[in-house]
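Me: Walk me through the inside of this one as you would at the bench. Please stick to that part and take your time over it.

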Amino acid sequence: MREVRATELAEQLAVDDGEFVCVERTRELVADGTVVTYERSFLPPVPGIRELPERGLAGESLAEVMLRAGLRPDHGEQRLIGRRIDAREAELLRRTPGDWFLDTRRTSRAADGSFVEHVVSLLDPDHFQLTLEFG
């Protein structure tokens, strides 16, 4: 967890400030330690979030911390592509550069349209699927 300056991301998200708190993590299977996700959450540095780099999640889920900080997702957009991972991503995922992963990007906004969260995830396609319900 760290504070980052990402002006290009801020422009894409139409937010005034390019300052974010980035929560970066991997998830692995308990059974064999296979890393199945690499995720980066970009959050506005509001009270309750700005302190995360110093104090961590303290056993709470990121969703709980966000709600307590007043960040309540109401709507947004998520995109999915398949792509090959690069050398840095492969190292984090304990894979081989060029392995195929699902790349999702989700932006959540509050009911008033204000920015809540932008998440970039690499998902092992052997362990994830996309399901849509409509109508």
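Reply: Here goes, starting with the ground rules and then moving from the aromatic rings to the cores, the pocket and a few loop residues.

This is a predicted model, in which local features need pLDDT of at least 70 and side-chain atom pairs count only at pLDDT 80 or more, while totals for chains, interfaces and linings use all residues. Numbering runs from 1 along each chain as its sequence is written, and side-chain values use heavy atoms, with hydrogens and water left out.

Let's begin with the rings. Two aromatic pairs turn up in the count; rings of Phe, Tyr and Trp (its six-membered ring) pair if their centres lie within 6.5 Å, and planes under 30 degrees apart are called stacked, over 60 edge-to-face, and the rest tilted. Take phenylalanine 20 and phenylalanine 42: the ring centres sit 6.1 Å apart with the planes at 85°, so this pair is edge-to-face. It links distant parts of the chain, with phenylalanine 20 in strand S2 and phenylalanine 42 in strand S3, 22 residues apart. (Strands are DSSP runs of E, at least two residues, and helices are runs of H or I, at least four, numbered from the N terminus.) Phenylalanine 20 has a relative accessible area of 2%, so it counts as buried, and phenylalanine 42 is buried too, at 9%. The cut-offs here are under 20% for buried, over 50% for exposed and partly exposed in between, with a 1.4 Å probe and protein chains only.

Phenylalanine 20 has a second partner. Its ring centre is 5.8 Å from that of phenylalanine 115, with the planes at 85°, so this is an edge-to-face pair as well. Phenylalanine 115 lies in strand S6, so the pair ties S2 to a part of the chain 95 residues away in sequence. Phenylalanine 115 is buried, as is phenylalanine 20. Put together, Phe20, Phe42 and Phe115 make one aromatic cluster.

Next, the greasy parts. In soluble globular proteins, nonpolar side chains tend to be buried together. A nonpolar core is a set of buried Ala, Val, Leu, Ile, Met, Phe, Trp, Tyr and Cys residues joined through side-chain atoms within 4.5 Å. The largest one here has 12 residues, including Val21, Leu43, Ile49, Leu52, Met66 and Val116. Strand S2 (19-28) and helix H3 (62-68) each supply at least two of its residues, and H3 gives the most, with three. Apart from this core lies another, of 11 residues, among them Leu9, Phe20, Phe115 and Val120. Back in the largest core, valine 21 is in contact (heavy atoms within 4.5 Å) with Leu43, Ile49, Leu52 and Arg50, among others, leaving aside neighbours within four places in sequence.

Now the pocket. The largest has a volume of about 340 Å³. On a 1 Å grid over the protein atoms alone, a pocket is an open set of points where a 1.4 Å probe fits, with protein on both sides within 12 Å along at least five of seven lines, and lining residues have an atom within 4 Å of a point. Grid points are joined across faces, edges and corners, and the volume is the space filled by probe spheres set on them. Of the 19 lining residues, those closest to the centre are Leu9, Gln12, Arg105, His118 and Val120. Strand S4 gives the most to the lining, with six residues.

His118 deserves a stop. It is found in strand S6 and counts as buried at 8% relative accessibility. Leaving out neighbours within four places in sequence, histidine 118 contacts Leu9, Leu13, Arg40, Ser41, Phe42, Arg105, Arg106 and Thr107, so to speak a bridge back to the ring cluster, as Phe42 is part of that too.

Last, some loop residues for contrast. Arginine 50 sits in the loop between S3 and H2 and is partly exposed at 36%; it touches Glu3, Val21 and Pro45, not counting residues up to four places away in sequence. Alanine 58 lies in the loop between helix H2 (52-55) and H3 and is exposed, at 66%. Its phi is near 50°, a positive value in a residue other than glycine.
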